[in-house]
Amino acid sequence: MKLSSHHFRSLSSSGLPMAKMDPGSNSLMWFRKGLRIHDNPALEYAAKDSKHVYPVFVIDPRYMEPDPTAFSPGSARAGLNRIRFLLESLTDLDKSLKNLGSRLLVLKGEPSEIVIHCLKEWNINKLCFEFDTEPYYQALDDKIKSYASLVGIEIFSPVSHTLFNPAEIIQKNGGTPPLSYQSFIKVAGQPSWSSSCLSTSLSCLPPPGNLGSCTISEVPSLNDLGYEESEEDERTPIRGGESEALRRLSESIADKDWVANFEKPKGDPSAFLKPATTVLSPYLKFGCLSPRYFYQCIQEVQKNVKRHTSPPVSLLGQLLWRDFFYTVAFGTPNFDKMRGNRICKQIPWDSNDELLAAWRDARTGFPWIDAIMVQLRKWGWMHHLARHCVACFLTRGDLYVHWEKGRDVFERLLVDSDWAINNGNWLWLSCSSFFYQYNRIYSPISFGKKYDPNGNYIRHFLPVLKDMPKEYIYEPWCAPLSIQTKAKCIIGKDYPKPVVSHDSASKECRRRLAEAYELNKKQNGTVSEEDLKKLRRKLEEDKIQESKSKRLKQKSIG
């Protein structure tokens, strides 16, 4: 983790470096996230006093190369929905750049090698890119920064993917990140730019110069990347790009009452035709929408209404949650792991691949859980309460499978998968960090029922159950065989039986977590691998003993 400032030159009051470049200079604008024109300080500075600006995007094989061994179409790290969204966003960005007299230069290969080659080939004086907190990008940026510093290339890497600079928050908090939302809010205060005028448009851009020997392409299609477009019965309604982001934003903030009264965690997780949230998370993830611009738009609405909700539940509060997770993730080594993560409870989770696959592939036998997992696979998105339900079910609620396994599935399938937020939410929902009330479990039966008693959400995403009467739609295994036959859905044949009994499984999960919490408390947070093995053995022995006692009890009753 670096606590250095986010760029290398002193700043003027406008937030841009004071050093003036030679008007004949060449700038490279390296797009990674931040796929937008509005409120893009890196792009704005690249254009300042430059003769040529080279807008570059590198197709990184690590993220984009097809992986035929993965459990769903896509690369090793991203499902097809997210790759498609990224390509749509790049096409939209290219169109916007062309309107400004420029274009997007797409290259392919290991990003640090490609960028360094371009810096040499195009005689670049100024390299601009948005600051990124992810460890992968931090490592890439270190390589490129050390080369650029060596040859005297100016670097401008502003923080514009978040509302605050995480490094500054950590410094203000004495060198460690605030670990609760309220303490984060207290340390962060108001964003320094919140009342200033953000640049939301550019009139033109200097064109790229001579491209030399660099192999440039247009934005590729999925086919160009080696993917086959399958004939799906339902495509995600979420389309990529800044234009779509701004259209959705405009639609959301037009309903001033809705913005003013927004209250998370309220909202209907079963609403899919018209979701109960903005569905702007994918656009924030890829930076098609500036969080700072979104923040100011909400502020504007709030100024003009009599009353509105406040953080943490308000819409502004949601953007602050995002920054909270970014800050904790940036300041916590091994944030994405249980081992070596100082803020994570050490718990001897099971490694049951069969249960994991049943959950991932929508075969748990609990229609509410399975319908959510089908929506995830088809749309790459689902409501935050739906995410809570399936994450709780996999980990501390029913299946007791390691949160890292569920995180990997979300990381692949979500269009809005974001390293800091995805890991933060899995730590939270597994009661490994942030939230510790492990007795509060989402029921895979009654939770969905209170929002959607007729089961329309289940009928849509699990058509095998579309004719099941509403009395049994959440618990089809309880339906008499005559009703299952009439509904053309025999449980155990057309739709699976439940993989666990919720009542006994959740009771067992609570027992195991109570023991794990006790161990963490006793060891004062220094739980070794050996300690976990011992606890796992003890839990297994206790379980065997308990089932023996039950059998003996039943015999004596008989």
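**Figure 1. Helix H16 and the helices that cover its buried residues.** Among the elements covering the buried residues of H16 are helix H3 (80-99), helix H13 (353-360), helix H14 (367-379), helix H15 (384-397) and helix H17 (419-429). Please keep in mind, here and in every view below, that this is a predicted model. Helix H16 itself spans residues 403-413. Its buried residues are Trp403, Gly406, Arg407, Val409, Phe410, Arg412 and Leu413.

**Figure 2. Aspartate 94, a buried residue of helix H3.** Let us stay with one of the helices from the first view: aspartate 94 is found in helix H3. Is this residue buried or exposed? Aspartate 94 counts as buried because its relative accessibility is 7%, and the cut-off for buried is under 20%. If we set aside its neighbours within four places in sequence, aspartate 94 touches Arg103, Leu104, Glu218 and Val219. For leucine 104, the C-alpha atom lies 4.9 Å from that of aspartate 94, with the two residues 10 apart in sequence.

**Figure 3. The region from residue 25 to residue 163.** An unreviewed UniProt entry gives residues 25-163 the feature "domain: Photolyase/cryptochrome alpha/beta". In the model, this stretch of chain is 42% helix and 19% strand. Its end C-alpha atoms are 31 Å apart.

**Figure 4. Helices H8 and H11 side by side.** Here we meet helix H8 (residues 242-254) and helix H11 (residues 291-303), whose axes come within 11 Å and cross at roughly 20 degrees. That angle makes H8 roughly parallel to H11, since angles under 35 degrees count this way. The crossing in which H8 passes H11 is right-handed. Look for Leu246, Leu249 and Ile253 on H8, which meet Tyr293, Phe294, Cys297 and Val301 on H11. Sorted by class, the residues of this contact are seven nonpolar, no polar and no charged.

**Figure 5. Helices H7 and H12 packed at an angle.** Our last view shows helix H7 (residues 181-188) against helix H12 (residues 315-331), with axes 10 Å apart and an angle of about 95 degrees between them. How are H7 and H12 oriented, roughly parallel or roughly perpendicular to each other? They are roughly perpendicular, because the range for that description is 65 to 115 degrees. From H7, the residues Tyr181, Phe184 and Ile185 take part in the contact. Across from them, H12 brings Gly317, Leu320, Trp321, Asp323, Phe324 and Thr327. By class, the contact of H7 with H12 has six nonpolar residues, two polar and one charged.

Terms used: Residues are numbered from 1 along each chain as its sequence is written. This is a predicted model: local features need pLDDT of at least 70, side-chain atom pairs count only at pLDDT 80 or more; totals for chains, interfaces and linings use all residues. Side-chain values use heavy atoms; hydrogens and water are left out. Buried means under 20% relative accessible area, exposed over 50%, partly exposed in between (1.4 Å probe, protein chains only). Helices (H or I, at least four residues) and strands (E, at least two) are DSSP runs, numbered from the N terminus. Contact means heavy atoms within 4.5 Å. UniProt positions are given in the numbering used here, feature names are shortened, and annotations may be inferred rather than shown by experiment. Axes are lines fitted to C-alpha atoms, for helices over the stretch in contact, and angles run from 0 to 180 degrees between N-to-C directions. Angles under 35 degrees count as roughly parallel, over 145 as roughly antiparallel, 65 to 115 as roughly perpendicular and the rest as oblique. A crossing is left-handed if the near helix is turned anticlockwise from the far one by less than a right angle, and right-handed if clockwise. Ala, Val, Leu, Ile, Met, Phe, Trp, Tyr, Cys and Pro count as nonpolar, Asp, Glu, Lys and Arg as charged, and the others, Gly among them, as polar.
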